Amino acid sequence: MTRNLTSGDTPRMASIITIGLISDTHGLLRPEALDALRGCDAIIHAGDIGEPTVLTELARIAPVTAIRGNIDKGPWALALHETEVLEVGGVFIYVIHGVGDLDLDPAAAGMRVVVSGHSHQPGIREKDGVLYVNPGSAGPRRFSLPISVGRLVVRDGQVSAELVEIEPAKR
């Protein structure tokens, strides 16, 4: 099933749609991550949510599309699919937790963006006209990897991405 998000579905009536990207929260939704996602028209959580309250808090900012990651267990997680396809401003986005689990050729399937998580390693790369974005982990720090989220901007059928590193507050 393809979910359609147009600027008419968002608070702003513009040809620019900003989608917040978050992954691997593992039950920890940092206030700094929420701050980095404020102002987004929609949010994608690419799995390993950890607790359903994470999705509730994100939904206070913008509509959320979330997929189930390998740690997401229990009745609340059964309602989530393992993949999602969204159409945003004419751009098709495929969401999967682990990019290594892709069972389709995104370019041949008409996808312009693949959003994934799992590795906790933030990154943006392009291959065969498809933008691959991993926002990294916004939850507990793993090894020496940064804590980060991302943003996709869809403008007049074009898409760009950026990563936002988060500096957690000293406790």
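This section describes a sheet, its salt bridges, the ring contacts and two backbone outliers in a predicted model.

An open sheet of 5 strands is present, with the order 4-3-2-10-11 and mixed pairing. Strand 4 (64–66) and strand 11 stand at the edges of this sheet, and each has a single partner strand, so one side of each is left without a neighbour in the sheet. Direction ignored, neighbouring strands of the sheet are turned by 20° against each other on average. Strands of a sheet pair through backbone hydrogen bonds, either parallel or antiparallel. Strand 2 and strand 3 (residues 42–45) run parallel and are joined by 4 bridges. In this pairing, Leu-21 has Ile-44 in strand 3 as its bridge partner.

Salt bridges were searched for over the whole structure, and 4 were found. One of them involves two strands of the sheet: Arg-151 forms a salt bridge with Glu-162, with the closest N and O atoms 2.8 Å apart. Arg-151 belongs to strand 10 and Glu-162 to strand 11, so that the pair, 11 residues apart, links distant parts of the chain. Glu-162 has a relative accessible area of 37% and is partly exposed. Strand 11, which carries Glu-162, is also one of the edge strands of the sheet.

A further salt bridge is formed by Arg-68 and Glu-82, whose closest N and O atoms are 3.3 Å apart. This pair likewise links distant parts of the chain, its residues being 14 residues apart. Arg-68 is located in the loop between strand 4 and helix 3 (75–78), whereas Glu-82 is located in the loop between helix 3 and strand 5 (83–88). The two partners fall into separate accessibility classes: Arg-68 counts as partly exposed at 22% relative accessibility, while Glu-82, with a relative accessible area of 52%, is exposed.

Glu-57 and Arg-60 also form a salt bridge, in which the closest N and O atoms are 3.2 Å apart. Glu-57 counts as partly exposed because its relative accessibility is 30%. Its partner Arg-60 is exposed, with a relative accessible area of 64%.

Contacts involving aromatic rings were examined as well. The count of aromatic pairs comes to 0. A charged side chain is nevertheless placed over a ring: Arg-125 lies over the face of Tyr-132, at 4.4 Å from the ring centre.

Backbone torsion angles single out His-26 and Asp-156. His-26 is not a glycine, yet it has a positive phi of about 50°. His-26 is found in the loop that runs between strand 2 (16–22) and helix 1 (31–37). At 30% relative accessibility, His-26 counts as partly exposed. Strand 2, which precedes this loop, is the strand joined to strand 3 by 4 bridges.

Asp-156 also has a positive phi of about 50° although it is not a glycine. The loop that contains Asp-156 lies between strand 10 (147–155) and strand 11 (158–166). Asp-156 has a relative accessibility of 59% and therefore counts as exposed. The strands on either side of this loop, strand 10 and strand 11, are those that contain Arg-151 and Glu-162.

Methods:
Residues numbered from 1 in each chain as written. Predicted model: local features only at pLDDT ≥ 70, side-chain atom pairs only at ≥ 80, totals over all residues. Heavy atoms only, no water. Phe/Tyr/Trp six-rings, centres within 6.5 Å; stacked < 30°, edge-to-face > 60°. Lys NZ or Arg CZ within 6 Å of the ring centre and 35° of its normal. Helix = DSSP H or I, 4+ residues; strand = E, 2+ residues; numbered from the N terminus. Buried < 20%, exposed > 50% of the residue type's maximum accessible area, 1.4 Å probe, protein only. Pairing = 2+ DSSP bridges. Axes fitted to C-alpha atoms, helices over the stretch in contact; angles between N-to-C directions. Salt bridge = Lys/Arg side-chain N within 4 Å of Asp/Glu carboxyl O.
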